[in-house]
Amino acid sequence: MTTRRIPLRLCATLAALTLAACAGTPPASTYRMTTPIPSQITTPSSVDTRIGTLTYFDGVPTPQTAARVYDNLDFLRGVGVFLNGVPGASMVAIRAGLRDAGATGSTVGVFESLMDSKSLFLTANSETVYFWNWMDLKQGPVVVETPPNILGVVDDFWFRYVTDMGNAGPDKGKGGKYLFVPPGYTGPLPASGYFIVKSPTYGNLLFGRGFMQHGDPKPAVASLKAGLRVYPLSQAGNPPPTRFLNLSGRVMNTVHANNIEFFHEIDQIVQEEPAGAYGPDMTGLFAAIGLEKGKPFAPDARMTQILTDAVAVGNATARSIDFANRNPAAYIYPDRKWTTPFIGGSYEWLNNGARNFDARTMFFYAATIDTPAMAVAMPGIGSQYAATNTDRNGQPFDGGKHYVLHVPPNVPVKDFWSVVVYDTQTRSMLQTDQPFPSLSSEKDLLRNADGSVDVYFGPTPPQGKEKNWVQTIPGKAWFTIFRLYGPLQAWFDRSWKLEDIEAKG
């Protein structure tokens, strides 16, 4: 028998190829079609990442790596659903509160003696007469008649702006008839006599506020009851009476969940509204974690654990964006701590065709009601907002310490200004011994000789300054919003500046 020797060079080549294959890296090829492969397009056999070590056989993920990556993908999508779904979940919580109170259909809830701190509403104010109504268009178009001199807004179920009514709306504050048309409606509509508005969702929030006269809410309440009407278009010939429900003093929760219940809140909108009402990208994001129209949301044990983690991280992300914002554009003045809720001056948080997602999260995690009247410069109309979470030195507010806000004279407002203190947990009015944790220029405040005002915050009032004091709670953090109603040009061009809050003692 003849034994054929294998050349030493060939043995070395075969050994190298065998080792390379075992190591999961491509063998060095010398085939006729072989070309140099750029290293940046290949995948190593092992990569260390923030989710652990990822391993491959010649670029193919191992089963362990694929499982790790899919867990991470579901987690990322869960966080994305939280951050993008906050506006909708907030609206679901508002609807639940209004339904419990009965402020739906042709019944309108009015805070006749203002909103106090018993109810949980995201950064509500205690200085104007609120009215609220959940408007459902599933049975057809709905008519809303508005009285004069209100600021009214309708937002859809995803908290997107639909229309203004009143001073910032097409009726110019004179009052008018609005006709709200549901998605996909093909029936007849009146040829005239209405401001016709089409909503992309069936569920809508009807919200507005009337204004006190010399600190008295009664004239605004009387005007609302005399002129505000809500009824189906089908009954326009003989409208049913609009009923008014006093919401002042009620205990209500309108704040969305920050645990896995959040996803069930989102599922309510997904199931009730037309498929794709939030756009294909967001609808796809929701579907990726099991929130899909026509299908029950029933995550298994693995997905429940992932989504529990995702909502915790999403909540931490939203809170970081709100309380420790890293975007310089969030700050009204480059040298001060006051922030704007509408970064970039857009009610859609758009800049050069790009949406600022963090800016949208910053707004909706702490606030409600979206309208251009709060975002664009409209001197003398609407309202403007400045919020702060820290004192002059950048330290969070401690309810056991004392602080002072010096409001310079000649605040640029046609109507009035106010300061309201909020709980950092609920983002609702701080619940203390004071039913209204706020002060405004319409109250009998102590003023300095130059017309400026010092507002005091702390667990106890400074002696002789009780009129200018807002109570805080030891052991609890807080934040505040300064509001300008009927803001004037000096606010928009920054020729008048609000000073930072200063810690005392």
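Trainee: Which residue does Val-413 stand opposite in E23?
Mentor: Val-413 faces Pro-487 there. Keep in mind that this is a predicted model.

Trainee: How many bridges join E19 to E23, and which way do they run?
Mentor: There are 9 bridges between E19 and E23, and the two run antiparallel.

Trainee: What else does E19 pair with?
Mentor: Strand E20, residues 438-440. That pairing is antiparallel too, over 3 bridges. Within it, Ser-418 stands opposite Ser-440 of E20.

Trainee: Is E19 mostly covered or mostly open?
Mentor: Mostly covered. Strand E19 spans residues 413-423, and 9 of its 11 residues are buried.

Trainee: Switching topic. How many cavities of 30 Å³ or more are there?
Mentor: The structure has 1. Its volume is about 510 Å³.

Trainee: Which residues are closest to its centre?
Mentor: Thr-123, Phe-363, Ala-367, Thr-368 and Tyr-385. In total, 39 residues line the cavity.

Trainee: Which elements supply at least two residues of that lining?
Mentor: Several strands and two helices do. The helices are H6 (301-323) and H7 (357-366). Among the strands are E5 (129-136), E11 (203-210) and E16 (383-388). Strand E23 (477-487) is on the list as well, and E23 is also the partner joined to E19 by 9 bridges.

Trainee: How does the cavity lining divide by class?
Mentor: It has 24 nonpolar, 11 polar and 4 charged residues.

Trainee: Now pockets. How much space lies in the largest one?
Mentor: About 320 Å³. It is lined by 15 residues. Closest to the centre are Arg-160, Tyr-278, Glu-348, Arg-355 and Arg-360.

Trainee: Which element gives the most to that lining?
Mentor: H7, with 3 residues. Helix H7 also supplies at least two residues to the cavity lining.

Trainee: And the classes in the largest pocket's lining?
Mentor: 10 nonpolar and 5 charged, with no polar residues.

Trainee: What about the second largest pocket, how much space there?
Mentor: About 280 Å³. Its lining has 19 residues, and the closest to the centre are Gly-105, Asp-136, Gln-139, Val-142 and Pro-232.

Trainee: Which elements give two or more residues to it?
Mentor: E5 and strand E12 (229-232). E5 gives the most, with 4 residues. Strand E5 also contributes at least two residues to the lining of the largest cavity.

Trainee: How do the classes split in that second pocket's lining?
Mentor: 8 nonpolar, 8 polar and 3 charged.

Key:
Residues numbered from 1 in each chain as written. Predicted model: local features only at pLDDT ≥ 70, side-chain atom pairs only at ≥ 80, totals over all residues. Heavy atoms only, no water. 1 Å grid on protein atoms, 1.4 Å probe; cavity = no way out; pocket = protein on both sides within 12 Å on 5 of 7 lines; lining within 4 Å. Points joined across faces, edges and corners; volume = space filled by probe spheres on them. Nonpolar A, V, L, I, M, F, W, Y, C, P; charged D, E, K, R; others polar. Buried < 20%, exposed > 50% of the residue type's maximum accessible area, 1.4 Å probe, protein only. Pairing = 2+ DSSP bridges.
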